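Here is a relaxed walk through one protein model, meant for someone meeting it for the first time. Take a look at the sequence and the 3D view, then read on.

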Amino acid sequence: MEHISILKNPVQKYAWGSRTALQSLLDWAKPWVEPAAELWMGVHPKAPSKVEIDGDWRSLPDVIAVDPVSVLGYNAAEQFSNRLPFLFKVLAADRPLSIQVHPDMVQAREGFKRENRSNIPLNAPNRNYKDACHKPECLCAVTRFVAMKGFRRVEDIITLMDQAFVGTPIRELDPLRKDPNSLGLKRFFTSLLSMDVTRKAQVVHEAVQGSEQIADQDPAFYWLLELNREYPGDVGVLSPLFLNLVDLSPGEAIYVPAGELHAYLSGVGMEIMASSDNVLRGGLTPKHMDIPELLNIVNFTSNPVQKLRPRADDNFEHIYETPADEFQLSKIVLNGHERFTGRKERSVEILICMAGEGLIEELDGGRALPLKKGMSIIVPSAVPGYVVSGNITLYKGGVG
C-alpha cells in the first residue's frame, strides 16, 4: 500500500448508543432507527474496516497482510507482529455502559488460552477473553462526557456510603471500616458483588431512598438515582459511591490502564485503545458477569482521576500523551491559512474529519484527496510525508 486511501468503517449498534449523535457529527444523510454506539476504525476481527484501493473496497487486515512494512513501517511491523496495534473509535453514549475492567497482557494471554482449552466458542456469551491482548485505552471528550474511573479514596467511600444509608449503615461496609486499605477495599467490593438477590434488592432500595433526599448535595447521589432508572436493582447502581466521577469538557481526556474499574455514562468521545475486545463486567449490564475472574483482574487501589490535557506543538497538533506503546491520540485544528505537515519518518496513521473541510496532499507530487466532515483516511508508512490544509478539525490515531 503506497498511497493515502479512504476508509469505510463498521458501526456497532449497541443499545446504549445514540440515534442522533454520530449521525450529526459524521454528517450521515439518513437518521438511524437503531442506536449507533461506536464507529470502529481498525482491523479487529469482530468488525474490520475496508480501504479503497484502485476503486475497489478491500479488507484492511488483508491489505496489511500483503505488505505489512509498507503500511505499518518496519519498526511497528516487527514490534506488533505485522498487525495494526490500535483500534480507533468514535463513541456515543446516550445510556450508561457497563462497569468494566480490562486485563493486562499476561492475564489476557492466560485467559485466552484457558478458554480455548475449555472449547468456549469465541462468540459465546460467557466468553471473557476474545483475544490474547491487553486493552489500555484513552478517551477524549468531543462533547461534555461523564465517566466513572477507579476507586475513590477510602475515607470518601465511607462518607458517601454513610450519607446514602443514613440511619441504617450496611454490614457490607464493615470490612472497609476495619481495614481502610486495599485489602479492605477488595473485601468490601467482593461483599457487594456477592449479595444474594434479596439482599441486593434491599440494599439498592435503601440507597435510592437515602439518595433521593440529598440528590443535590453531591453528583454521586444524582448518578446513583439515574443508574437505578436505567438498571433498577442492579448492584452497579451503588458504583458512584465508590468510584470516582469524572466530568470531561470537550478536549479533556482520560487514560484507563489495565485493572482499573470504569464506566462511561454519557457523551461523545474519541477513543483509542490497543486492538482488543477483552472485557470483564461488574454491573450495569444484562450481559455475562464472571465475578471471580473480575476480582482477579481489578486493581484495588484508590487513585484520584488525572485528566489528560494535550501538549500543543508548533505544527497545529495537540497530542495526548499516555504510556501505551500501541497508540497515540492527537487533534489537529486548522484555520484556513494554517498547514499541518505529517512527518516523513512515522508509522501508519488514521485520520477522521470531525468538522469543516480541507485537502490532504502527499509530498513529492503524490495523491491529493479532499477531506470533509465524517470522512476517514489511512496514511500508510510508505507515504513520504503529507500536508493537510483548510478550515478543518481532525482527530489522528497513530502508533505510540
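How many residues does helix α8 have, and how far does α8 reach from its first C-alpha to its last? Helix α8 runs over residues 182–193, which gives twelve residues, and its reach is 17 Å, close to the 16 Å expected at 1.5 Å a residue. Keep in mind as you go that this is a predicted model.

**Two helices to start with**

Let's stay with α8 for a moment. Its N-terminal end is capped by N181, where a side-chain oxygen lies 3.1 Å from the backbone nitrogen of L183. The buried residues of α8 are G184, L185, F188, F189, S191, L192 and L193. What sits over them? The cover on the buried residues of α8 includes two strands, β9 (145–151) and β13 (280–283). It also includes the helices α6, α7 (174–178) and α11 (291–297).

Now for α9. This helix has 16 residues, which should span 22 Å at 1.5 Å a residue, and its end C-alpha atoms are 23 Å apart, so the two values agree. At the start of α9, the backbone nitrogen of T198 has a side-chain oxygen of D196 within 3.2 Å. Buried residues of α9 include R199, V203, V204 and E206, and also A207, V208, G210 and S211. These buried residues pack against α6 (154–164) and α10.

Here is a general point for reading such lists: an α-helix has 3.6 residues a turn, so residues three or four places apart point the same way.

Between α9 (197–212) and α10 (219–230) there is a loop, and D218 is found in it. Is D218 buried, exposed or partly exposed? Its relative accessible area is 24%, so D218 counts as partly exposed. The D218 side chain reaches the backbone nitrogen of A220 at 2.8 Å. D218 is also 60 residues away from I158 in sequence, while their C-alpha atoms are 14 Å apart in space.

**Spaces in the model**

Next come the open pockets and the closed cavity. The count of cavities of 30 Å³ or more comes to one. The table puts these spaces side by side.

| Space | Volume | Nonpolar lining residues | Polar lining residues | Charged lining residues |
|---|---|---|---|---|
| Largest pocket | about 640 Å³ | 15 | seven | twelve |
| Second largest pocket | about 420 Å³ | nine | eleven | six |
| Largest cavity | about 40 Å³ | six | two | no charged residues |

The largest pocket has a volume of about 640 Å³. It is lined by 34 residues, and the closest to its centre are Y14, W16, S98, R281 and K287. Strands β3 (38–41), β6 (86–93) and β12 (262–274) each supply at least two residues of this lining. The largest share, four residues, comes from β12.

Which residues lie nearest the centre of the second largest pocket? They are R343, R346, S347, V399 and G400, out of 26 residues that line this pocket. The elements giving two or more residues to that lining are α4 (74–79), β15 (317–320), β16 (328–342) and β20 (386–398).

The largest cavity brings us back to α8, which gives the most to the cavity lining, with three residues. The lining is made of I99, F189, L192, L193, V235, G236, F242 and G282.

**A closer look at β20**

Strand β20 holds S389. With a relative accessible area of 15%, S389 is buried, because buried means under 20%. Leaving out residues up to four places away in sequence, S389 touches L334, E338, R339, G358, L359 and E361.

**Two asparagines with positive phi**

Most residues other than glycine have a negative phi. N82 has a positive one, near 60 degrees. You'll find N82 in the loop between α4 and β6. At 42% relative accessibility, N82 counts as partly exposed.

N119 also has a positive phi, of about 60 degrees, although it is not a glycine. Its loop lies between α5 (105–117) and β8 (137–141). Is N119 buried or exposed? N119 is exposed, because its relative accessible area is 64% and exposed means over 50%.

Definitions and conventions:
Residues numbered from 1 in each chain as written. Predicted model: local features only at pLDDT ≥ 70, side-chain atom pairs only at ≥ 80, totals over all residues. Heavy atoms only, no water. Buried < 20%, exposed > 50% of the residue type's maximum accessible area, 1.4 Å probe, protein only. Polar contact = N/O pair within 3.5 Å; in protein donor to acceptor, adjacent residues only side chain to side chain. 1 Å grid on protein atoms, 1.4 Å probe; cavity = no way out; pocket = protein on both sides within 12 Å on 5 of 7 lines; lining within 4 Å. Points joined across faces, edges and corners; volume = space filled by probe spheres on them. Nonpolar A, V, L, I, M, F, W, Y, C, P; charged D, E, K, R; others polar. Expected span 1.5 Å × (residues − 1). Contact = heavy atoms within 4.5 Å.
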